[in-house]
Amino acid sequence: MITTVLFDMDGVLIDSEKFWQQAEKEVFTSVGCQWSEAIAHQTTGQTTRAVTELWYRLFPWEGPTIEEVEQAVVNRADALIRQEGEIKVGVLDTLSFLQAQEIKIGLATNSTPSLIQTVLTRLNILSFFQTTVSALDVPQGKPEPDVYLQAAKNLESQPENCLVIEDSFTGATAGKAAGMTVFIVPEAEFYTDPKFDLADRKLVNLTEFEENFLALKYVTP
């Protein structure tokens, strides 16, 4: 029986990938990296530290530290989200439905605590979440399961009673590693990618959530 739903943030609640890519492009090219859309897509769902370290390995720069460049990316993404961030289709209806069903709701993300506050405040949905967990709150971020296991622990839920909502392969891998059911909502252009078949269900967007959730509850012991 699913008693708890744990949301990823970037790409699930907010279409923020474009903001992250803009921030990364501006900051990494400013220190001498050669921008590549292929590399950027490869890092979707990873922690900002892991992304920054990858670009440094590929294009070592002089001057600012990895930590300083990472923070510059976070700061720029934060500013863009504050200015332009919009809630994704189906999110508010999904949260309202889960709240009405008395399902526990949590957030588990590789983003920083400050960005969690920025996004949830910008989207006006902070009150729905009973716990929020950042990759900075646990030993390892996604694709390791730590953020999801910590969120479940905070809500006094067992992993087998938790449903994860993700948009990336990295995040879906984390959810499955945590022993949880996973719904994935991939970017439209990658919807047919077979790597997303690891998820229990695949949705076009969250307007399909309620129907799939009720079906899942029905067949789950």
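Helices and strands in these notes are DSSP runs, numbered from the N terminus. With that settled, I opened the model, which is a predicted one.

**Entry 1: the proline.** I went through the peptide bonds first. The one from K142 to P143 is cis, and its omega is near 20°. I then looked up where P143 sits: in the loop between β3 (131-134) and α7 (146-154). I noted it because most peptide bonds are trans.

**Entry 2: positive phi.** Next I went for backbone oddities, since most residues other than glycine have a negative phi. E102 has a phi near 60°, so a positive value in a residue that isn't glycine. I found E102 in the loop between α5 (91-100) and β2 (104-109). Is E102 buried or exposed? Its relative accessibility is 71%, so E102 counts as exposed, the cut-off being over 50%.

E156 went on the list too, with a positive phi of about 55° although it is not a glycine. This one lies in the loop between α7 and β4 (162-166). I got 72% relative accessibility for E156, so I put it down as exposed.

**Entry 3: cores.** Then I turned to the inside. The largest nonpolar core has 50 residues, and V5, F7, L13, F129 and F209 are the ones with the most contacts inside it. Which helix gives this core its largest share? I got α4 (residues 66-84), with 6 residues. Another core lies apart from that one; it has 19 residues, including V147, V164, A174 and M180.

I picked V5 for a closer look. Leaving out residues up to four places away in sequence, V5 touches L98, I103, K104, I105 and G106, and also L163, I165, F209 and F213.

**Entry 4: α1 on α4.** Two packed helices are described by the angle between their axes and the distance between the axes. For helix α1 (residues 17-30) and α4 I have an angle of about 140°, with the axes 8 Å apart. That makes α1 oblique to α4. The crossing of α1 past α4 is right-handed.

I listed who meets whom. From α1 there are F19, W20, Q22, A23, E24, E26, V27 and F28, and they meet V69, A72, V73, V74, R76, A77, L80, I81 and E84 of α4. By type, the contact has 12 nonpolar residues, 1 polar and 4 charged.

**Entry 5: α3 on α4.** I did the same for helix α3 (residues 48-58) and α4. Their axes come within 9 Å and cross at roughly 120°. The two helices are therefore oblique to each other, and their crossing is right-handed. On the α3 side the contact is made by T48, R49, T52, E53 and Y56, and on the α4 side by I66, E67, V69, E70, V73 and V74. Here the split is 5 nonpolar, 2 polar and 4 charged.

**Entry 6: T132.** My last lookup was a residue in strand β3, T132. How exposed is T132? With a relative accessible area of 29%, T132 is partly exposed. I checked T132 against G106: they are 26 residues apart in sequence, and 5.8 Å apart in space from C-alpha to C-alpha. As for contacts, setting aside neighbours within four places in sequence, I found L107, I116, L120 and D137 touching T132.

Note on methods: Residues are numbered from 1 along each chain as its sequence is written. This is a predicted model: local features need pLDDT of at least 70, side-chain atom pairs count only at pLDDT 80 or more; totals for chains, interfaces and linings use all residues. Side-chain values use heavy atoms; hydrogens and water are left out. A nonpolar core is a set of buried Ala, Val, Leu, Ile, Met, Phe, Trp, Tyr and Cys residues joined through side-chain atoms within 4.5 Å. Buried means under 20% relative accessible area, exposed over 50%, partly exposed in between (1.4 Å probe, protein chains only). Helices (H or I, at least four residues) and strands (E, at least two) are DSSP runs, numbered from the N terminus. Contact means heavy atoms within 4.5 Å. Axes are lines fitted to C-alpha atoms, for helices over the stretch in contact, and angles run from 0 to 180 degrees between N-to-C directions. Angles under 35 degrees count as roughly parallel, over 145 as roughly antiparallel, 65 to 115 as roughly perpendicular and the rest as oblique. A crossing is left-handed if the near helix is turned anticlockwise from the far one by less than a right angle, and right-handed if clockwise. Ala, Val, Leu, Ile, Met, Phe, Trp, Tyr, Cys and Pro count as nonpolar, Asp, Glu, Lys and Arg as charged, and the others, Gly among them, as polar.
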